[in-house]
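Please open the model in a viewer and keep the selection tool at hand. The tour below proceeds stop by stop, stating what to select and what is found there.

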Amino acid sequence: MLIRCGYDIRFETDNRTAMMAMLSLHPSRHHDLRTPQRLMAAPDIPLYHFEDGFGNVATRLTIPAGGVTLSCDFVIEDSGLPDAQAPDGPQMAVEDLPDAVMPFLLGSRYCETDRLMAVAWANFAHYGSARARVDAIVDFVHNHIEFGYHHARPDKTAWNAYQERQGVCRDFAHLAVTLCRCMNIPARYCTGYLGDIGIPPVDAPMDFSAWFDVYIDGEWYTHDARHNRPRIGRILMARGRDATDVALTTAFGPANLVRFEVHTDEVQSID
């Protein structure tokens with residue numbers, strides 16, 4: 001299937017302001033592109049792309065006084081298959097895990113494993129496999145948190161989401177990631193495009209989405225605590241320990257977001 005993705009985002013500033021953006025596709029999806037993916041800036045200012053420590057493509061820019069509009073539009077091919085399920089076997093012991101996945105067992109800025117350890121072990125220790133534990137965690141988070149865009153705030157952590165029982169997709173992901181890590185299942189935070197493809201249309205503005213991956217039986221598998229069902233058309237942009245590593249934009253000074261539009265639609269041809 002073909003999916004057209006993109007965004008139109010504008011910031012206004014009084015002074016020159018440095019910014020880092022995570023608005024590019026993850027390199028693992030580059031071979032699926034069917035049209036070029038170019039981040040455009042208006043006015044035309046220098047953009048410098050680099051690969052961060054998690055393998056994501058990050059962009060550095062300096063917003064001129066007045067502001068900047070960042071935009072992109074591309075078509076990508078997707079398998080159209082739903083998220084794959086992990087095998088239902090024994091959980092890997094921590095001592096058998098590869099070195100590269102160990103950071104995804106640790107607490108991080110938005111994932112306080114120390115504060116949620118007792119909650120995790122009280123609720124999920126009795127499950128016999130990693131997949132069963134993850135499925136139970138996803139069910140728990142999905143039912144525990146009430147979704148609403150008005151519940152969003154930038155400083156909300158997994159512990160806050162657990163206590164307040166309200167949040168947006170990033171809060172669902174942070175809480176699920178934290179509970180998985182507490183149960184010694186490596187988990188990483190993901191962000192990208194997820195349109196209303198293969199489901200009834202949702203009467204809400206399109207946005208970027210957050211989900212998470214877990215490491216089971218030597219492979220990473222995708223889960224989504226907000227939607228709690230396998231989805232199709234998931235287009236990865238970036239992944240890391242939590243939202244700190246993959247923030248869509250980070251401004252190093254005052255910058256007012258005045259427009260934020262995202263599109264993710266299935267199309268029949270490249271036009």
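A residue is called buried when its relative accessible area is under 20%, exposed when over 50%, and partly exposed in between. The model shown is predicted.

**The whole chain**

Begin with the entire protein in a cartoon view. Four helices and 14 strands make up its secondary structure. The C-alpha trace spans about 55 × 40 × 40 Å along its principal axes. For 271 residues, a compact globule would have a radius of gyration near 18 Å, and the 19 Å of this protein agrees with that. Of the 271 residues, 48% count as buried. The exposed surface amounts to about 12700 Å², and carbon and sulfur atoms supply 50% of it. Among contacts between residues at least 6 apart in sequence, 77% join residues at least 24 apart.

**The annotated span**

Next, select residues 161-227. The UniProt annotation, from an unreviewed entry, reads "domain: Transglutaminase-like" for this span. In the model, the span is 27% helix and 34% strand, and its end C-alpha atoms lie 16 Å apart.

Now select A161, which is placed in helix α3 (residues 158-164). Is A161 buried or exposed? Its relative accessibility is 0%, so A161 counts as buried. Display the surroundings of A161: leaving aside neighbours within four places in sequence, its contacts are H144, I145, K156, Q166 and D171. For a distance check, pick L116 as well; A161 and L116 are 45 residues apart in sequence, and their C-alpha atoms are 11 Å apart in space.

**Two residues with positive phi**

Most residues other than glycine have a negative phi, and most peptide bonds are trans. Against that background, select R165, in the loop between α3 and β8 (166-167). R165 is not a glycine, yet its phi is positive, near 60°. With a relative accessible area of 44%, R165 is partly exposed.

Proceed to N228, in the loop between β11 (219-223) and β12 (234-240). The phi of N228 is likewise a positive value in a residue other than glycine, near 55°. N228 counts as partly exposed because its relative accessibility is 29%.

**A cis peptide bond**

Select A42 and P43 together. The peptide bond from A42 to P43 is cis, with omega near 5°. P43 is found in the loop between β3 (40-42) and β4 (48-51).

**Aromatic rings**

Show the side chains of the aromatic residues. A pair of aromatic rings is described by the distance of the centres and the angle of the planes. How many aromatic pairs does the structure hold? There are 13 aromatic pairs in the structure. In one of them, the ring centres of F147 and Y149 are 5.1 Å apart and the planes stand at 80°, so this pair is edge-to-face. F147, at 27% relative accessibility, counts as partly exposed. Y149 is partly exposed too, with a relative accessible area of 40%.

Turn next to Y193 and F208, whose ring centres are 5.1 Å apart with planes at 65°, so that this pair is also edge-to-face. The pair links distant parts of the chain, 15 residues apart: Y193 belongs to strand β9 (residues 187-194), and F208 to the loop between β9 and β10 (209-216). Both Y193 and F208 are buried. Extend the selection to Y7, F74 and F260, which form one aromatic cluster with Y193 and F208.

**Arginines over ring faces**

Return to F147 and add R226, which lies over the face of F147 at 3.6 Å from the ring centre. A further example is R188, positioned over the face of W220, at 3.9 Å from the ring centre.

**The last stop**

Finally, select R4, in strand β1 (residues 2-12). R4 has a relative accessible area of 36% and is therefore partly exposed. Which residues does R4 touch, not counting residues up to four places away in sequence? R4 touches D73, F74, V75, H263, T264, D265 and V267. One of these, F74, also belongs to the aromatic cluster visited earlier. To close the tour, pick A176: R4 and A176 are 172 residues apart in sequence, and their C-alpha atoms lie 29 Å apart in space.

How values were computed: Residues numbered from 1 in each chain as written. Predicted model: local features only at pLDDT ≥ 70, side-chain atom pairs only at ≥ 80, totals over all residues. Heavy atoms only, no water. UniProt positions renumbered as here; feature names shortened; annotations may be inferred. Phe/Tyr/Trp six-rings, centres within 6.5 Å; stacked < 30°, edge-to-face > 60°. Buried < 20%, exposed > 50% of the residue type's maximum accessible area, 1.4 Å probe, protein only. Lys NZ or Arg CZ within 6 Å of the ring centre and 35° of its normal. Rg over C-alpha atoms; globule rule 2.2 N^0.38 Å. Contact = heavy atoms within 4.5 Å. Areas by Shrake-Rupley, 256 points an atom, 1.4 Å probe, with all protein chains shown as cover.
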